[in-house]
Amino acid sequence: MTTIPTGDELRDILRACLAVGRWVDEVAAQAPFGSVAGLVETARTAATPLTRAEIDEAMAEHPRIGEKPRGTSRAAGFSRSEQASSDADDADLAAALAEGNRVYEERFDRVFLIRAAGRTRQEILTELHRRVDLDGDTEAAIVGSELRDIALIRLGVLAVQWQDVSVPETDASDSATPSGDPR
């Protein structure tokens, strides 16, 4: 059984997943959710697409790739986990990411954003180099898509925490199975 939070708790969770006021409002307005799948589908629909203003709003909450997120917020915790990789201590890669971030920020006037979860820093650097040469509209569309994907991944991580692993007590006379075990 899954217990998905509602009200202010849900709004706080959503904001940590994607700091876009309209998105938080739109998703929270559909609560309560009967399933994680329903929540995720509502979240996906509400985030497709994000406007340029919403991308800017969300980007204010994201640290640079390769830098340790600061603070103890739920969003900072997500970022720390998402940016953990086997090559995180490679000094040459860290320097290349810092330089790539500088070039990207100079070109697009925002930090480089990519779904880091499941990617090595080398893969991230390769994608940064590819994307820095894109036009502004194409890059904004990619950033919007990445923000949506990050939000959905974060909701999936939280869904694991929402799982109620307790088994409801049953009367021994329950005959769901020959042994009376409700399984």
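This passage describes a predicted model of a single protein chain, moving from its overall fold to a few chosen residues.

The overall picture is a helical one. The protein chain contains eight helices and zero strands, so a walk from the N terminus reads simply α-α-α-α-α-α-α-α. Of its 183 residues, 40% count as buried. Among contacts between residues at least 6 apart in sequence, 68% join residues at least 24 apart.

How far the model can be trusted varies along the chain. The average pLDDT is 83, and 75% of the residues score at least 70. Confidence is highest in helix α2 (residues 21-28), with a mean of 98, and lowest in helix α5 (residues 74-83), with a mean of 62. Over residues 164-183 the pLDDT is below 50, and this stretch has nine contacts in the model beyond near neighbours in sequence.

The interior comes next. The largest nonpolar core has 45 residues. Those with the most contacts inside this core are L14, L18, W23, V27, L147, L155 and W162. Several helices contribute to the core: α1 (7-17), α2, α3 (36-46), α4, α6 (91-108), α7 (121-131) and α8 (136-162) each supply at least two residues. The largest share, nine residues, comes from α8. L14 gives a good idea of how such a residue is surrounded. Leaving aside neighbours within four places in sequence, L14 is in contact with W23, V24, V27, A28 and L155.

Charged side chains add another layer to the picture. The structure holds 12 salt bridges, and three of them are described here in turn.

One salt bridge pairs R22 with E54, whose closest N and O atoms are 2.5 Å apart. This pair links distant parts of the chain, since R22 sits in helix α2 and E54 in helix α4, 32 residues apart. The two partners differ in their surroundings: R22 is partly exposed, because its relative accessible area is 30%, whereas E54 is buried, because its value is 9% and the cut-off for burial is under 20%. Not counting residues up to four places away in sequence, E54 touches V20, R22 and P49. R22 and E54 also belong to something wider, as salt bridges that share partners join R22, E26 and E54 into one network.

A second salt bridge stays within one helix. E41 and R44 meet with their closest N and O atoms 3.5 Å apart. Both residues lie in helix α3, three residues apart, which is about one turn of the helix. The spacing fits a general rule: an α-helix has 3.6 residues a turn, so residues three or four places apart point the same way. E41 is partly exposed at 43% relative accessibility, and R44 is partly exposed at 35%.

The third example is a buried pair. The side chains of R131 and E139 meet in a salt bridge, with 2.6 Å from N to O. R131 counts as buried because its relative accessibility is 0%, and E139 counts as buried because its relative accessibility is 0%.

Helix α4 (residues 52-59), where E54 lies, deserves a second look. Which residues of α4 are buried? They are E54, I55, A58 and M59. These residues cover an arc of only 135° around the axis, which means that they sit on the same side of α4. The cover over the buried residues of α4 includes α2 and α8. E54 thus appears twice in this account, as a buried residue of α4 and as the salt-bridge partner of R22.

Just as helices can be followed, so can the loops between them. T48 is found in the loop between α3 and α4. Is T48 buried or partly exposed? T48 is partly exposed, because its relative accessible area of 42% lies between the cut-offs of 20% and 50%. The side chain of T48 reaches the backbone oxygen of R44 at 2.6 Å, and R44 is also the residue that forms a salt bridge with E41. Across the fold, the C-alpha atoms of T48 and G144 are separated by 8.1 Å, although these two residues are 96 residues apart along the chain.

Key: Residues numbered from 1 in each chain as written. Predicted model: local features only at pLDDT ≥ 70, side-chain atom pairs only at ≥ 80, totals over all residues. Heavy atoms only, no water. pLDDT = per-residue confidence, 0-100. Helix = DSSP H or I, 4+ residues; strand = E, 2+ residues; numbered from the N terminus. Contact = heavy atoms within 4.5 Å. Core = buried A, V, L, I, M, F, W, Y, C linked by side-chain atoms within 4.5 Å. Buried < 20%, exposed > 50% of the residue type's maximum accessible area, 1.4 Å probe, protein only. Salt bridge = Lys/Arg side-chain N within 4 Å of Asp/Glu carboxyl O. Arc of directions from axis to C-beta. Polar contact = N/O pair within 3.5 Å; in protein donor to acceptor, adjacent residues only side chain to side chain.
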